[in-house]
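This briefing accompanies the sequence and coordinates shown below. Please read it with the structure open, since each point refers back to what is displayed there.

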Amino acid sequence: MLVLGVETSCDETGVAVYDSDRGLLAHRLYSQVAIHAEYGGVVPELASRDHIRKSLPLIEEVLAASGIKGNDLDAIAYTAGPGLIGALMVGASLSRALAFGWGIPVIGVHHMEGHLLAPMLEEKPPAFPFVALLVSGGHTLLVGVEGIGRYSILGESLDDAAGEAFDKAAKMLDLPYPGGPALARLAEAGDIDRFRFPRPMTDRPGLDFSFSGLKTFTLNTVNEHTLDGPLPEPQTMADIACAFQEAVAQTLAIKCRRALKQTGYKRLVIAGGVSANRRLRQVLQSELARFGASLFYARQEFCTDNGAMIAYAGCQRLMAGQRDDDSVQVKARWPLDTLPPLN
Ligand code: KG4
Ligand code: ZN
């Protein structure tokens, strides 16, 4: 089955062609970072307008790169939520229109299911069951995964998502949007022993997260070390970035270990933008090695938003006979554990 995937839930236009026999044929990504950077965050209306400009040319490009024509496709999968409603509408309307023209079925994919399944595109995909840590700009979820659509939420963030916390801490350090990768780069020059930031909610049982206290702790540390200029001196900034990243990575690792213990599963999948973080991968790798569990993640470019994960997730559901009716469906909010199982 040959499926076009279209991702427009936030500030990246991602498209891809996935073939159930041959794998991923081609993918293209256009990031709107430059548009939103001057505002310090995503401006939803600008995001929608730019998806309109970019999605069709990118689809033409990805079809050409795959060596296929639109009417060779068997189906289209688009991100139907969760995300920015206007941005989602662009991908949904375009996908519906193209599918109508080509006379093929359409399926609306859950963005976080896309992230969760992205490691399946790698050479050594994880087998079911596994625990998934989904860490993106909008979500922090620990999920027990028995199969596609068989999800139980084990824990989630009570306030900010991990990526959001990275972005806010980055702002305190005057780093450009998007802050996560910039903070991670700055942290490389930091001294890991200079500050010890709290590991929130790890001193009590449970699998939920909270990052707001860590955010306040970061702000206070920045303020305490701001002497003459508007910001602390460069080495202190790097030390703060390092301490923040370490606290997030260790907190996530503690909860992942607990989730694996609770479920008895031996595989951990990390997905979403923050799973691109090298320190997090390192910390988890050594933590898991201690009790014989294995870690899985997607290649860097498929950790953040992309069309390949949507094409893949959509293809699995389409092959199981699922498709949407004729209405254009998008959802700003959409709990992951309400998805139907594959069969
Ligand atoms: O999954 P994603 O691309 O979009 C959402 O679905 O939200 O995740 C974006 C988030 C942003 O908060 C970004 O700062 C964060 O992932 N991020 C990172 C890194 N790369 C992206 N955070 C920490 N370290 C990174 N290397
Ligand atoms: Zn995402």
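The points below go from the overall fold to the metal site and then to two local regions.

The structure is a predicted model, and its secondary structure comprises 10 helices and 10 strands. Three protein residues, H111, H115 and D305, serve as the donors of a zinc ion (ligand 2).

**Overall fold and surface**
- For 343 residues a compact globule would be expected to have a radius of gyration near 20 Å, and the protein agrees with this because its own value is 20 Å.
- The C-alpha trace extends over about 65 × 45 × 30 Å along the principal axes.
- Of the 343 residues, 55% count as buried, and among contacts with a separation of 6 or more, 73% join residues 24 or more positions apart.
- The exposed area amounts to about 14,600 Å², of which carbon and sulfur atoms supply 52%.
- The protein carries 32 positive and 39 negative charges, and the mean positions of these two sets lie 5 Å apart.

**Zinc site**
- The zinc ion (ligand 2) is bound through NE2 of H111, NE2 of H115 and OD of D305, at distances of 2.0 to 2.1 Å.
- Along the sequence these donor residues follow the spacing H-x3-H-x189-D.
- H111 and H115 both belong to helix α4 (residues 111-117), where they are separated by about one helical turn because they stand 4 residues apart.
- H111 has a relative accessibility of 6% and therefore counts as buried, while H115, at 1%, likewise counts as buried.

**Helix α5 and its cover**
- Within helix α5 (residues 162-172), the buried residues are A162, G163, A165, F166, A169, A170 and M172.
- The elements covering these buried residues of α5 include the strands β6 (130-135) and β7 (140-147), together with the helices α6 (179-187), α7 (212-224) and α8 (234-263).
- D174 follows α5 and has a positive phi, near 60°.

**The loop residue Y265**
- Y265 lies in the loop between α8 and β9 (267-271), and with a relative accessible area of 19% Y265 is buried, because the cut-off for that class is under 20%.
- Beyond its neighbours within four places in sequence, Y265 makes contact with P129, F130, V131, V145, E146 and L260.
- The C-alpha atom of Y265 is separated by 8.1 Å from that of A293, a residue 28 positions away along the chain.

Terms used: Residues are numbered from 1 along each chain as its sequence is written. Chains are lettered from A and ligands numbered from 1 in the order in which they are written. This is a predicted model: local features need pLDDT of at least 70, side-chain atom pairs count only at pLDDT 80 or more; totals for chains, interfaces and linings use all residues. Side-chain values use heavy atoms; hydrogens and water are left out. The radius of gyration is taken over C-alpha atoms; the globule rule is 2.2 Å times the number of residues to the power 0.38. Buried means under 20% relative accessible area, exposed over 50%, partly exposed in between (1.4 Å probe, protein chains only). Contact means heavy atoms within 4.5 Å. Accessible areas come from the Shrake-Rupley method with a 1.4 Å probe; for residues, only the protein chains shown count as cover. Lys and Arg count as positive and Asp and Glu as negative; His and the chain ends are not counted. The place of a charge is taken as NZ of Lys, CZ of Arg, CG of Asp or CD of Glu. Donors are N, O and S atoms within 2.8 Å of the metal (3.2 Å for Na, K and Ca); water is not among the atoms, so sites may look incomplete.
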